[in-house]
Amino acid sequence: MFIEFGLVDIIDIFLVALMLFYIYRLMRESRSLNVFIGIMVFIVIWLFVSQIIQMRLLGSILDKLVSVGVIALIVLFQEDIRTFLFNLGAHRRMRRIMRIFSKDKEKDQKEVKETIMPIVMSCMNMSKGKVGALIVIERTMPLDDIVRTGDMIDATINQRLIENVFFKNSPLHDGAMIISKRRIKAAGCILPVSHDLDIPKELGLRHRAAMGMSQESDAVAVVVSEETGGISVAVRGEFRLRLSAEELEGILTKELAD
């Protein structure tokens with residue numbers, strides 16, 4: 001007997017490999033890689049026992065564990081699954097497709113410019129004075145849970161307001177500012193801190209909080225170092241360090257316009 005192997009089978013294998021790759025990357029970013037490896041080992045053993053050597057008793061026990069295990073994994077990794085689905089829907093190509101149907105692209109670009117320039121100018125002034133700052137710009141993933149950890153402001157984006165919030169004697173100086181829908185929503189917010197060992201040791205807690213925010217959402221986090229005055233951006237789990245005004249403006253324009 002010859003096994004029929006056609007185009008559909010090739011597509012099937014490719015889609016399964018792609019799915020496993022994305023699950024692997026999700027687990028690696030959430031520091032759950034060992035769990036992923038353990039799951040894959042268990043699946044291989046289950047298939048070997050139930051499908052190849054066909055042990056009925058052990059196979060039936062593993063079948064029950066698999067059916068219950070799926071529910072257990074959903075409960076254990078609900079936040080990671082939620083983040084993965086958000087990132088899938090908020091993928092840059094998906095946003096570009098949606099932007100094709102936008103009626104007024106010039107208006108969108110103007111609004112992005114009006115959002116970016118006060119942030120860039122305030123960051124440059126704070127950089128010169130070595131005033132520490134952490135600004136998080138929301139994109140497609142809502143940050144309502146982060147906003148609730150700080151003090152509500154809900155004001156238009158203003159250069160002086162940003163600088164006053166991060167003034168060294170300000171009570172909101174140590175927290176993060178959240179910008180959402182072209183408005184300053186809150187300040188003094190608490191962010192999740194990244195514990196990645198790859199982050200350079202000379203970067204402080206603000207940088208780790210910015211990295212944590214960029215890993216758990218699609219937000220863009222801008223950091224002004226209090227020690228060096230350097231400006232950094234964390235986006236999609238990566239740092240861009242020691243930025244000039246032009247580089248900061250270019251990155252924010254690209255990330256917020258896409």
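# Questions about this structure

Me: How much area does the protein chain expose?
Reply: Accessible areas come from the Shrake-Rupley method with a 1.4 Å probe; for residues, only the protein chains shown count as cover. Carbon and sulfur atoms supply 62% of the exposed area. The protein chain exposes about 16,600 Å².

Me: What kind of model is this, and how are residues numbered?
Reply: This is a predicted model: local features need pLDDT of at least 70, side-chain atom pairs count only at pLDDT 80 or more, and totals for chains, interfaces and linings use all residues. Side-chain values use heavy atoms, with hydrogens and water left out, and residues are numbered along each chain as its sequence is written, starting from 1.

Me: How many helices and strands does the protein chain have?
Reply: Both are DSSP runs, numbered from the N terminus: helices are H or I over at least four residues, strands are E over at least two. By that count the protein chain has ten helices and seven strands.

Me: What share of the protein chain is buried?
Reply: Buried means under 20% relative accessible area, exposed means over 50%, and partly exposed lies in between (1.4 Å probe, protein chains only). The protein chain has 258 residues. The buried share is 35%.

Me: Among contacts between residues at least 6 apart in sequence, what percentage join residues at least 24 apart?
Reply: A contact means heavy atoms within 4.5 Å. Here the pairs counted are at least 6 apart in sequence. The part that joins residues at least 24 apart is 60%.

Me: How many salt bridges are there?
Reply: Side chains of opposite charge can pair when their charged atoms come close. A salt bridge here is a side-chain nitrogen of Lys or Arg within 4 Å of a carboxyl oxygen of Asp or Glu. The count comes to nine.

Me: How far apart in sequence are the parts tied together by Lys 113 and Glu 249?
Reply: Lys 113 and Glu 249 form a salt bridge, with their closest N and O atoms 2.6 Å apart. Lys 113 lies in helix α6 (residues 105-128) and Glu 249 in helix α10, so the pair ties together parts at a sequence separation of 136 residues.

Me: Which residue forms a salt bridge with Glu 138?
Reply: Glu 138 is buried, with a relative accessible area of 11%. Its partner counts as exposed, at 68% relative accessibility. The closest N and O atoms are 3.8 Å apart, and the partner is Lys 181.

Me: Which residues share a salt-bridge network with Glu 255?
Reply: The side chains of Glu 255 and Arg 236 meet in a salt bridge, 2.8 Å from N to O. Glu 255 is in helix α10, while Arg 236 is in the loop between β6 (231-235) and β7. Salt bridges that share partners join Glu 255 into one network with Arg 139, Arg 236 and Arg 240.

Me: Which element gives the largest share of the largest nonpolar core?
Reply: A nonpolar core is a set of buried Ala, Val, Leu, Ile, Met, Phe, Trp, Tyr and Cys residues joined through side-chain atoms within 4.5 Å. The largest has 30 residues; Ile 119, Cys 123, Ile 135, Ile 162, Phe 166, Leu 248 and Leu 252 touch the most other members. Elements giving two or more residues include β1, β3 and α10. The largest share, six residues, comes from α6.

Me: How many residues are in the other core, the one with Leu 143?
Reply: This core lies apart from the largest one. Cys 189, Ala 209 and Val 223 are among its members. Its residue count is 17.

Me: Which helix supplies the largest share of the nonpolar surface patch?
Reply: Patches are made of residues with over 30% relative accessible area and no salt bridge: like charges are joined within 9 Å, nonpolar side chains (Val, Leu, Ile, Met, Phe, Trp, Tyr) within 5 Å. The nonpolar patch, with Phe 42, Phe 48 and Leu 58 among its residues, has about 1,000 Å² of accessible area together. α2 (33-52) and α3 (56-76) each supply at least two residues. The largest share, five residues, comes from α2.

Me: What is the relative accessibility of Asp 154?
Reply: Asp 154 is found in strand β2 (residues 151-156). It has a positive phi of about 50° although it is not a glycine. Asp 154 counts as partly exposed because its relative accessibility is 39%.

Me: Where is Arg 242?
Reply: Phi of Arg 242 is near 50°, a positive value in a residue other than glycine. Arg 242 counts as exposed, at 69% relative accessibility. Its place is in the loop between β7 (238-240) and α10 (245-257).
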